[in-house]
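This report looks at empty space enclosed by protein atoms and at pairs of oppositely charged side chains. Please keep the sequence and the structure in view while reading.

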Amino acid sequence: MIQNNYFLSNEDLKEHFYELIDWNEIVPIYENQFSDAKLFESTKNTKLEMAPTNVDEAKSYYEEILKSCGEISGMYVSQVASTVDSKGLKFENGVVTHPKEMEEVIQMYHDAGLGPAAFKRKYGGLGVPSIIKAMIAEIMYRSDSSITIAVGSMGLAAILEVCASEEMKNEWIPKLISGNYTVTMGLSEPDFGSDLPNITTKASKNGDGWLLNGTKRFQTVACGINGGPGITLTLARTGTQESGARGLSFFIVENKDYVVQGIEKKLGIKASATCETVFENSKGHLVGKEGFGLVKYVMGMLNGARLSVSSQGTGIVTAAFEESFKYANERIQFGKPIYEIPAVRRMLDRMEREQAGMRCLMVEAAYSVDKYYWFEDGREVTSEESKSAKFWEKVANTLTPISKYYNSEMCNDLVYDGLQVLGGAGYTEDYDLSRLYRDARITNIYDGTTQIQVNAAIGGITSGMSVTGTFRAYLDHLSQGSETNIKLKEIREAFESIVETYKSIQDQSTKEAYSFEVVESAARVIIGYLLERSKNKSKSRKEIRTKWSKEFHNDSFAILSANLIKLKSI
């Protein structure tokens, strides 16, 4: 793979960081008027010594993190990715062995302090907003998915900051960070994947503690890394089987207390251990309240996972574009680089602009979380602040599944084209496109398939497009500054017609079958506005952004027109 700093060499990502994101809006909210820095002055708590005292300091702090991440990802991880993929995993007598090259670069990330990016400073984390977490994930996923999954898995435990008791937070989060733990979502079972309300893993009271019994499937890095520690955040039944979702609770179970029965042989992410685990009177630590496992805690954890997959899609596409662009400019056919062949150049141009749109959506989804997630801190707020937080929470609950669906589907689409640019060479293992192609395929499956994401988003879109609806208000917010763009106006009108036509369908099963067209249309409208906004804000790359926006809008109008025809023909 191309070897360079994956932050400093990415002009589009850098422009988002340096020019397009309004840090004066996000930083004071996230930093709670720089409360960590003030607390450091009075306590001298070393965990808070990097806390910024103003927006410029915060931006410099974030910048150094991204540079460090870009250095490790682009200079080191990228160079062992194919080796790690070809070596894969070994499983024998309940023990999973990862390639030593993988273990070494994972340690590099941890030595640089990048493992605990998801946690607040007071627990030993980096204390960065969701926008920075999204950028970190994109950079890491560009270099390799299996390695990034192992390092980034720790971020799943950020849900503990929201739902665990203070005692549990102070006990477990610092231990996860200092011990370089892997973290797994203990949800799926052999007979229950998305149908979580019916899982059968049982948690029983044992004095002051709990014992778990059952089997979990598709447990990513549940084994830890080469004997290293790990936990599974496990969904288990504390009520009766008939109690459904309300009978499920949330537990921490350490990997020393369960058995890895086997690992999956997979199409892609071959060095990411996908385990089947067995709980036999395994010690569990209850998180939060009984009965809130699925309805509150797991859904919060899944939202974070969705954002991560959105970044993964963007990172993989960035790698595919850069690799295929390089190949197209070096491969000479008919006396010229194949990049000069119109059909090839057209594919690459589409990859480039769609990649830009994916990054806009990734950043916007993270932004929507940053605009409300602070509210979980229990700060004293004004009624206006409370109103704003609740608005952005509703937006995030719709935008998060949209970003996961769209960026994972587009990832598959664009990596397909990237491989096509390389032709027969791309189909061989001599080039990284074959690995990227295999790794891309999981993105629209795990952490909720595209169909699950569409189901999660459709209600927020259709009900939100009422006269006083949140989604309508959000689109109106995005459209500010782009009111004179005729093509965007036509696209918005087509979307309004799509929603009204969809709402008029009487048969519920037919509505469910055609909900994809509505969500796809919503995604194209959002990204169109975001691309237009980035073009208007851009100082250094306005020309290329103008080109991207115009061509994206043309494609969107065609897509929405086709979707409207489909819905009207029902």
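## The enclosed cavity

In this predicted model, the count of cavities of 30 Å³ or more comes to one. How large is the volume of the largest cavity? Its volume is about 30 Å³. Rolling a probe the size of a water molecule over the atoms is a way to show where empty space of this kind is left.

The residues that line the largest cavity are Ala81, Val84, Asp85, Asp144, Ser146, Lys270, Ala271, Arg435 and Asp439. Two elements, α4 (55-87) and α13 (433-440), each give two or more residues to this lining, and α4 gives the most, with three residues. When the lining of the largest cavity is sorted by class, there are five charged residues, three nonpolar ones and one polar one.

## Salt bridges across the structure

Side chains of opposite charge can pair when their charged atoms come close. How many salt bridges does a search of the whole structure find? The search finds 38 salt bridges.

Some of these contacts are joined to one another, and one network of salt bridges links Asp12, Glu15, Glu138, Arg359, Arg541 and Arg545. For a reader following the structure on screen, these six names can be located one after another, from Asp12 through to Arg545.

## Three pairs and their exposure

One of the pairs is formed by the side chains of Lys44 and Glu41, with a distance of 3.7 Å from N to O. Is Glu41 buried or exposed? Glu41 counts as exposed because its relative accessibility is 54%, a value over the 50% cut-off, whereas Lys44, at 49% relative accessibility, counts as partly exposed.

In another pair, Lys256 forms a salt bridge with Asp257, and the closest N and O atoms are 3.5 Å apart. Lys256 has a relative accessibility of 60% and therefore counts as exposed, while its partner Asp257, with a relative accessible area of 23%, is partly exposed. A further salt bridge brings together the side chains of Lys100 and Glu101, at 3.6 Å from N to O. Here Glu101 is buried, because its relative accessible area is 13%, which lies under the 20% cut-off.

Methods
Residues numbered from 1 in each chain as written. Predicted model: local features only at pLDDT ≥ 70, side-chain atom pairs only at ≥ 80, totals over all residues. Heavy atoms only, no water. 1 Å grid on protein atoms, 1.4 Å probe; cavity = no way out; pocket = protein on both sides within 12 Å on 5 of 7 lines; lining within 4 Å. Points joined across faces, edges and corners; volume = space filled by probe spheres on them. Helix = DSSP H or I, 4+ residues; strand = E, 2+ residues; numbered from the N terminus. Nonpolar A, V, L, I, M, F, W, Y, C, P; charged D, E, K, R; others polar. Salt bridge = Lys/Arg side-chain N within 4 Å of Asp/Glu carboxyl O. Buried < 20%, exposed > 50% of the residue type's maximum accessible area, 1.4 Å probe, protein only.
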